[in-house]
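Let's walk through this one from the inside out. Have the structure open as you read.

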Amino acid sequence: RALTEAQQLARTAYGAVWRVEDGFIRSVGLGSDYTAPLSLVLDKRGIYFDPTVPSDLVYLLARTDFDPVLQARARALRIALLQSRLSKYNAGVALPADVVKAKQGRCTILVPGQVEDDASIRRGCPDICSNTGLLKQVRKQHPDAFVIFKPHPDVVSGNRRGAVSVAVAQQYCDIVLDDVSVADCLDLADEVHTLTSLVGFEALLRDKKVYCYGLPFYAGWGLTTDRHTIARRGRRLVLDELVAAVLILYPRYIN
């Protein structure tokens, strides 16, 4: 409703509607706690988390000529992020040492939890649209894997919806890591299985295999294994081209 009203107002004022959202390098803290972001995106076509409409990010990914200089800049940025161990929220404690021993040579799958009423879930998940549903599907497809579930920090804090019951966790996960840093979880994982979480993009930065059960902005470009496809995506990109669009061309940073 709010978008419809904004569009009507824009037509009356002969203006355009631009959507504003947090960027992908966010803050030390939670958005649901009103921690100010360190980057923003401003999108005049749509917004990156809604695959049902075009967006400036998809336009950049589909149309940009990523020259060698831009790719080198993206590569340097990616290396700097990994060396600094930065992620979206930059929060969480160090990984307990005994978790590493629990792998026992099995394929380790990280399943990042999400806020279930988030717009990226409502817009970008055609069938599986809950943390419980995702865990059940991952376990069904990978019965012998060591499955780590990391709940979303906004859900752990009690601010948002998406909690998984103890019974579900015990049946479909090997371990639940509530407050461990994403960077440590990604170090442990062989694969990341996600609906639309930004953790999937951060896994790509670390050369991890990523399986998408929804339609996040980084799916459909030949870098992930996708449950669904979308017609406006299909160009084959290399990782540094994806990084250049997502972290350099699309957002704006606040210093």
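Which residues have the most contacts inside the largest nonpolar core? They are Phe 24, Tyr 48, Leu 57, Phe 201, Phe 217 and Leu 242, in a core of 50 residues. Keep in mind that this is a predicted model.

## The main core

Several elements feed this core with at least two residues each: helix 2 (56–63), helix 3 (68–84), strand 4 (146–150), helix 9 (182–188), helix 10 (198–205), strand 7 (209–212) and helix 11 (239–249). The top contributor is helix 11, which gives eight residues.

For a look at how things pack in there, try Phe 217. Setting aside residues up to four places away in sequence, Phe 217 touches Phe 24, Tyr 48, Leu 57, Leu 61, Leu 198, Phe 201, Arg 233 and Val 246. Apart from the main core there is another one, with 16 residues, including Ile 109, Val 138, Phe 149 and Leu 195.

## Helix 11 and what surrounds it

Helix 11 is mostly covered, with 10 of its 11 residues buried. The buried ones are Leu 239, Asp 240, Glu 241, Leu 242, Val 243, Ala 244, Ala 245, Val 246, Leu 247 and Ile 248, so you'll notice Asp 240 and Glu 241 in that list because both fall under the 20% cut-off for buried. These buried residues pack against helix 2, helix 3, helix 10 and strand 9 (251–253).

Two leucines show this packing from the other side. Leu 70 sits in helix 3 and counts as buried because its relative accessibility is 13%. Beyond its neighbours within four places in sequence, Leu 70 is in contact with Ala 244, Ile 248 and Leu 249. Leu 205 belongs to helix 10 and, at a relative accessible area of 5%, is buried too. With neighbours within four places again left aside, Leu 205 is in contact with Arg 78, Leu 81, Leu 82, Leu 239 and Val 243. Leu 205 and Leu 239 are 34 residues apart along the chain, yet their C-alpha atoms are separated by 7.6 Å.

## Strand 6 and a fully covered threonine

Is Thr 194 buried or exposed? Thr 194 is buried, since its relative accessible area is 0%. Thr 194 lies in strand 6 (residues 191–194). Not counting residues up to four places away in sequence, Thr 194 touches Pro 112, Gln 114, Leu 134, Gly 200, Val 210, Tyr 211, Cys 212, Tyr 213, Gly 214 and Tyr 218.

## Loops worth a click

Two residues that are not glycine have positive phi values. Arg 85 has phi near 55° and is found in the loop between helix 3 and helix 4 (97–101). At 38% relative accessibility, Arg 85 counts as partly exposed. Asp 207 has phi of about 60° and is found in the loop between helix 10 and strand 7. Asp 207 is exposed, as its relative accessible area is 63%.

Another loop residue to find is Asp 178, between strand 5 (175–176) and helix 9. Its 42% relative accessibility puts Asp 178 in the partly exposed class. Asp 178 and Gln 114 are 64 residues apart along the chain, and their C-alpha atoms are separated by 12 Å.

## The whole chain

Now zoom out. The secondary structure comes to 11 helices and nine strands. The C-alpha trace spans about 60 × 45 × 35 Å along its principal axes. A compact globule with 255 residues would have a radius of gyration near 18 Å, and the chain agrees with that because its own value is 18 Å. For a feel of the distances involved, Leu 70 and Val 138 are 37 Å apart in space, C-alpha to C-alpha, and 68 residues apart in sequence.

Of the 255 residues, 51% count as buried. Take the contacts between residues at least 6 apart in sequence: 65% of them join residues at least 24 apart. The accessible surface comes to about 12600 Å², and carbon and sulfur atoms hold 52% of that. As for charge, there are 32 positive and 28 negative side chains, and the centres of the two sets lie 4 Å apart.

How values were computed: Residues are numbered from 1 along each chain as its sequence is written. This is a predicted model: local features need pLDDT of at least 70, side-chain atom pairs count only at pLDDT 80 or more; totals for chains, interfaces and linings use all residues. Side-chain values use heavy atoms; hydrogens and water are left out. Helices (H or I, at least four residues) and strands (E, at least two) are DSSP runs, numbered from the N terminus. The radius of gyration is taken over C-alpha atoms; the globule rule is 2.2 Å times the number of residues to the power 0.38. Buried means under 20% relative accessible area, exposed over 50%, partly exposed in between (1.4 Å probe, protein chains only). Contact means heavy atoms within 4.5 Å. Accessible areas come from the Shrake-Rupley method with a 1.4 Å probe; for residues, only the protein chains shown count as cover. Lys and Arg count as positive and Asp and Glu as negative; His and the chain ends are not counted. The place of a charge is taken as NZ of Lys, CZ of Arg, CG of Asp or CD of Glu. A nonpolar core is a set of buried Ala, Val, Leu, Ile, Met, Phe, Trp, Tyr and Cys residues joined through side-chain atoms within 4.5 Å.
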